[in-house]
Amino acid sequence: ADLKRFSVRFYDDGFTRLEDPITGETGVINDSLAWLIKPEKMDLFYLRRDGVFSFKTPGSSLWGIISKDDKVLVPPTFEIGAVLKNDYATLMKRLDKERNVVIRKNTGRVLRELPDYSDISSCHNGYVIVRSVKNNKFGVIDSRGNITIPCMYSDITETSTRLFIATESGTSFILDEKGKKLSPGFKKIRPPS
């Protein structure tokens, strides 16, 4: 494909995602301008420094994972795209099991199923906010799916400093990533912008 028709969408660690603004095709090239993932009509998002991408086709809400070598590691069978971006795992929500969260490594192998959580929210600090199906409360898990802050809060918000703002019964606290309270209770704490 002619590279001149593409716009650069991002560059990171030797990979460039290109997009044709007219056709909507996206693909990935390396620093030598060779196609790693040939242009196709799909949404493509870079996940990790080893060249793993989440993808979905237009008109579909299902996500999968594709390698930098254009090999589909996880077919598009997930309700949401990957939300945890780190060197260990990727969290996705299964379509075939209602409200189930699954961690998949870049090989596409299921590492751990987490049926106790209904919702997952993206965190960029190596932790993910989850909601328990048992009590409808929020907590935090790490990249391996281990609970670090128990699901006992009516709301949790991440900050940019690996701290969390948790609220319960109208009182808000600042917590570290292990759930230790670092502040007294306040009526409201607003996350920094």
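Two strands are taken to pair if DSSP finds at least two bridges between them; the strands themselves are DSSP runs (E, at least two residues), numbered from the N terminus. The structure discussed here is a predicted model, in which local features need pLDDT of at least 70, side-chain atom pairs count only at pLDDT 80 or more, and totals for chains, interfaces and linings use all residues. Residues are numbered from 1 along each chain as its sequence is written, and side-chain values use heavy atoms, with hydrogens and water left out.

By this criterion, strands 16, 17 and 18 form an open sheet in the order 16-17-18, with antiparallel pairing. Strand 16 (155-158) and strand 18 (171-175) each have a single partner strand and stand at the edges, so one side of each is left without a neighbour in the sheet. From one strand to the next, the twist averages 20°, where axes are lines fitted to C-alpha atoms and angles run from 0 to 180 degrees between N-to-C directions. Strand 17 (residues 164-168) is joined to strand 18 by five bridges, and the two run antiparallel. T167 has S172 in strand 18 as its bridge partner.

A second region contains an open sheet of four strands, ordered 12-13-14-15 and paired in antiparallel fashion. Its edge strands are strand 12 (117-121) and strand 15, each of which pairs on one side only. Neighbouring strands of this sheet are turned by 25° against each other on average, direction ignored. In general, strands of a sheet pair through backbone hydrogen bonds, either parallel or antiparallel.

Within this sheet, strand 14 may be followed through its two pairings. Five bridges connect strand 13 (residues 127-132) with strand 14; V128 has I141 as its bridge partner, and I129 stands opposite V140. The two strands form a hairpin with five residues between them, and N136 in the turn has a positive phi of about 65°. Strand 14 is in turn joined to strand 15 (residues 147-153) by three bridges, again with antiparallel direction. Here I141 stands opposite I147. Strands 14 and 15 also form a hairpin, with four residues between them, and G145 in the turn has a positive phi of about 90°.

The surroundings of strand 14 complete the picture. Strand 14 (residues 138-142) is mostly covered, with five of its five residues buried, that is, under 20% relative accessible area (exposed being over 50% and partly exposed in between; 1.4 Å probe, protein chains only). Both faces are covered: F138, V140 and D142 are buried on one side, as are G139 and I141 on the other.
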